[in-house]
Amino acid sequence: DPIMLKQMVWQEKRAFSKCKMVITHSKWSRGVLIKSYGLNPKKISYFPNPASINNINHKKIIARVSNYTGEIIKLLTIGRDYDRKGIGIAIKIVNELNEEGVPSRLMIVGLNGKNGRNHKFFGEYDKANHTQLETYKNFFINSHLLLHPARFDASPIVTSEASTFGLPTITNDSGGLATSVKHNVSGIIVPKNSCSNIYVSEIRRLFQNPEKYYSLCQTTRKRYEQCLNWKVAGQKLESIFNYALNNK
């Protein structure tokens, strides 16, 4: 509703005007705050959402995840919103891969739905429940690639979770996705609103070069260690708070 949107923006502007610093989770969000809210760029700091999963034996996982020798490509998609998270696009991608002679299977976590020849729904998991969390982790462990063709995602967490396991992500340049996933470092970023065939081409190209894929798994885990964990996020928050306190 346009009227409610204007009211919300007005309220948020008032709140921002009283802030010493504003913290957000993507370069895209920072741009919105500058352009639509008129915030001073010096008042805005951003960093990607860190992963909420830790204590992972990454050496064993990377060896397992990256051990692709030409068998079925195991794709993983996680999301609770069918349309916004691009679940339908993900299903189309896996079907097109198989039609082109690239054996692939898609696991869909977070939703229930009708299973197909090349995809299966696994429902939602409660990460606060230890047993369900372990099952949730196994989806990352047993996959080769996180497929995240979201139509929009302002500040994803699942892409950071994937990096914990050295699991690369293929996604698009929408919202905050290009802040969480770094192109050719922790995954592949295609243009915003890309059709399924663009994803298919990139996936084919990646798995035709096992050495590149293995290297991508390694750099994905390294990106987690450098900037997608809570220790690093905590240090960043501390520095922002100190800056705000010292610049009254």
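Let's start with a helix lying on a sheet. Helix H5, residues 130–141, lies across strands S3 and S4. H5 runs at about 135° to S3. One caution before we go on: this is a predicted model.

Now the sheet itself. It is open and has six strands. The order is S5-S4-S3-S6-S7-S8, and the pairing is parallel. Which strands sit at the edges? They are S5 and S8, and each of them pairs on one side only. Neighbouring strands of this sheet are turned against each other by 25° on average, direction ignored. As a general reminder, the strands of a sheet pair through backbone hydrogen bonds, either parallel or antiparallel.

Let's walk across the sheet, beginning at S3. S3 and S6 run parallel and are joined by two bridges. Here Leu 75 stands opposite Leu 145 in S6.

Next, S6 to S7. S7 covers residues 169–172. Three bridges join S6 to S7, and the two run parallel. Look for Leu 146: it stands opposite Thr 169 in S7. There is also a helix to place here. S6, helix H6 and S7 make a right-handed β-α-β unit, with H6 at residues 158–164.

Then S7 to S8. These two pair in the parallel sense, over four bridges. Asn 172 stands opposite Val 190 in S8.

Stay on S6 for a moment. In a regular strand, side chains alternate between the two faces of the sheet. Which way do the residues of S6 point? Leu 145 and Leu 147 point one way. Leu 146 and His 148 point the other way. Are these four buried or exposed? All are buried, the histidine included.

Back to Val 190, in strand S8. Val 190 has a relative accessible area of 3%, so it is buried. What does Val 190 touch, leaving aside its neighbours within four places in sequence? The contacts are Thr 171, Asn 172, Asp 173, Ile 198, Tyr 199 and Glu 202. One distance to add: Val 190 and Glu 96 are 94 residues apart in sequence. In space, C-alpha to C-alpha, they are 17 Å apart.

Glu 96 brings us to helix H4. Glu 96 is among the buried residues of H4. The others are Ile 87, Ile 89, Ala 90, Ile 91, Ile 93, Val 94 and Leu 97. What covers them? The cover includes strands S3, S4, S5 and S6, together with helix H8 at residues 196–207.

A quick check on the length of H4. The helix has 13 residues, 87–99. At 1.5 Å a residue, H4 should span 18 Å. Its end C-alpha atoms are 19 Å apart, which agrees. Just after H4, Gly 101 takes a positive phi of about 85°.

That leads to backbone angles. Most residues other than glycine have a negative phi. Two asparagines here go the other way. Phi of Asn 184 is near 65°, a positive value. Phi of Asn 193 is also positive, near 65°. Where are they? Asn 184 lies in the loop between helix H7 and strand S8. Asn 193 is found in the loop between S8 and H8. How much of each is open to solvent-sized probes is worth a look. Asn 184 has 44% relative accessibility, so it counts as partly exposed. Asn 193 has 62%, so it counts as exposed.

One more loop residue. Arg 117 has its place between S4 and S5. It is exposed, with a relative accessible area of 78%. Arg 117 and Glu 99 are 18 residues apart along the chain. Their C-alpha atoms are separated by 12 Å.

Last topic: cysteines. How many disulfides does a search of the whole structure find? Zero. Take Cys 217 as an example. Why is there no bond from Cys 217 to its closest cysteine sulfur? That sulfur belongs to Cys 227 and is 17 Å away, too far for a bond. A disulfide would need the two sulfur atoms within 2.5 Å. Cys 217 itself counts as buried, because its relative accessibility is 0%.

Conventions: Residues are numbered from 1 along each chain as its sequence is written. This is a predicted model: local features need pLDDT of at least 70, side-chain atom pairs count only at pLDDT 80 or more; totals for chains, interfaces and linings use all residues. Side-chain values use heavy atoms; hydrogens and water are left out. The expected span of a helix is 1.5 Å times one less than its number of residues. Buried means under 20% relative accessible area, exposed over 50%, partly exposed in between (1.4 Å probe, protein chains only). Contact means heavy atoms within 4.5 Å. Two strands pair if DSSP finds at least two bridges between them. A crossover is right-handed if, with the strands pointing away from the viewer, the path from the first strand over the helix to the second runs clockwise. Axes are lines fitted to C-alpha atoms, for helices over the stretch in contact, and angles run from 0 to 180 degrees between N-to-C directions.
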